[in-house]
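Please examine the sequence and the structure shown below before reading on. The explanation that follows proceeds from strands to a helix, and then to the core and its aromatic rings.

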Amino acid sequence: QYQLLNSDLFNNQAFSFAKEFSPTIITANLPYLPALKEDGEISVDAGEDGTRFVPCVIFDYADKTNAPILEFNFCSLTAPEKVFRLIEESNYDIQKMLLLPHPFGGYTKKLVEQGVINLDSDALYFQEGDIYKQCVISLVLLDGKLGQSKISRQDAIEILTEFSKTGVVDN
């Protein structure tokens with residue numbers, strides 16, 4: 001399913017360098033929103049649910065580099081439960097979860113207006129009057145062989161669900 005994507009990511013000079021030196025930490029600011037149709041040629045499309053690159057980080061990068069620590073971002077508007085499920089299926093455990101709430105920007109508003117992001121689906125967001133807020137979630141994952149998870153999948157989902165009800169983040 002990710003074969004083409006894998007070859008794009010791993011057959012490059014930067015990844016060759018990483019394989020030689022066995023990094024301790026892999027950090028990635030992944031695209032986490034779908035691309036608008038008219039932007040498809042110039043935008044990096046994170047896929048319909050915004051999780052296209054997550055398996056590459058938590059499975060492929062991890063397997064090929066043996067990095068014990070991963071850090072990456074994703075968005076509360078794009079299938080957070082799927083991201084947590086993928087992490088649960090990997091060899092990594094959530095050690096830290098930082099939530100960064102902010103109002104929808106122009107691009108996000110366009111995605112919602114055009115129906116690319118469906119706020120009635122798995123999206124978690126907070127609405128106060130005309131203001132809509134999303135959360136960028138930054139996760140730090142540790143190889144499961146090195147310690148136990150500090151945040152369970154269920155806890156992570158509950159934290160995001162609480163944000164969607166109150167707009168408050170307690171880090």
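Strand β2 is mostly covered, since 6 of its 7 residues are buried. The model under discussion is a predicted one. Strand β2 spans residues 69-75, and it pairs with two other strands. With β1, the pairing is parallel and extends over 4 bridges; here isoleucine 25 has isoleucine 69 of β2 as its bridge partner. With β5, the pairing of β2 is antiparallel and extends over 7 bridges. One of the residues concerned is asparagine 73, whose bridge partner in β5 is serine 138.

Let us turn next to helix α4, which comprises residues 80-89. Which residues of helix α4 are buried? They are Pro80, Val83, Phe84, Leu86 and Ile87. These residues lie on the same side of α4, because they cover an arc of only 155° around the axis.

Two of these helix residues, Phe84 and Ile87, reappear in the largest nonpolar core, which has 44 residues. Together with Phe72, Leu139 and Leu141, they touch the most other members of that core. The elements that contribute two or more residues to the core are β1, α3, β2, α4, β3, β5 and α6. Isoleucine 87 provides an illustration: leaving aside neighbours within four places in sequence, isoleucine 87 is in contact with Ile58, Phe72, Tyr92, Ile94, Leu139 and Leu141.

The aromatic rings deserve separate attention. How many aromatic pairs are there? The count comes to 5, where the ring centres of a pair must lie within 6.5 Å. One of them joins phenylalanine 72 and phenylalanine 74; their centres are 6.3 Å apart, and with 40° between the planes the pair is tilted. Both residues are buried: phenylalanine 72 has a relative accessibility of 0%, and phenylalanine 74 has a relative accessible area of 1%. Ring pairs also bring in Phe84, so that Phe72, Phe74 and Phe84 are linked into a cluster.

Phenylalanine 104 and tyrosine 132 form another tilted pair, with 5.5 Å from centre to centre and 35° between the planes. Phenylalanine 104 lies in the loop between β3 and α5, whereas tyrosine 132 belongs to strand β5, so the pair ties together parts that are 28 residues apart in sequence. Is each ring residue of this pair buried or partly exposed? Phenylalanine 104 counts as buried because its relative accessible area is 7%, below the cut-off of 20%. Tyrosine 132, at 26%, is partly exposed.

Key. Residues are numbered from 1 along each chain as its sequence is written. This is a predicted model: local features need pLDDT of at least 70, side-chain atom pairs count only at pLDDT 80 or more; totals for chains, interfaces and linings use all residues. Side-chain values use heavy atoms; hydrogens and water are left out. Rings of Phe, Tyr and Trp (its six-membered ring) pair if their centres lie within 6.5 Å; planes under 30 degrees apart count as stacked, over 60 as edge-to-face and the rest as tilted. Buried means under 20% relative accessible area, exposed over 50%, partly exposed in between (1.4 Å probe, protein chains only). The arc is that of the directions from the helix axis to the C-beta atoms. A nonpolar core is a set of buried Ala, Val, Leu, Ile, Met, Phe, Trp, Tyr and Cys residues joined through side-chain atoms within 4.5 Å. Contact means heavy atoms within 4.5 Å. Two strands pair if DSSP finds at least two bridges between them.
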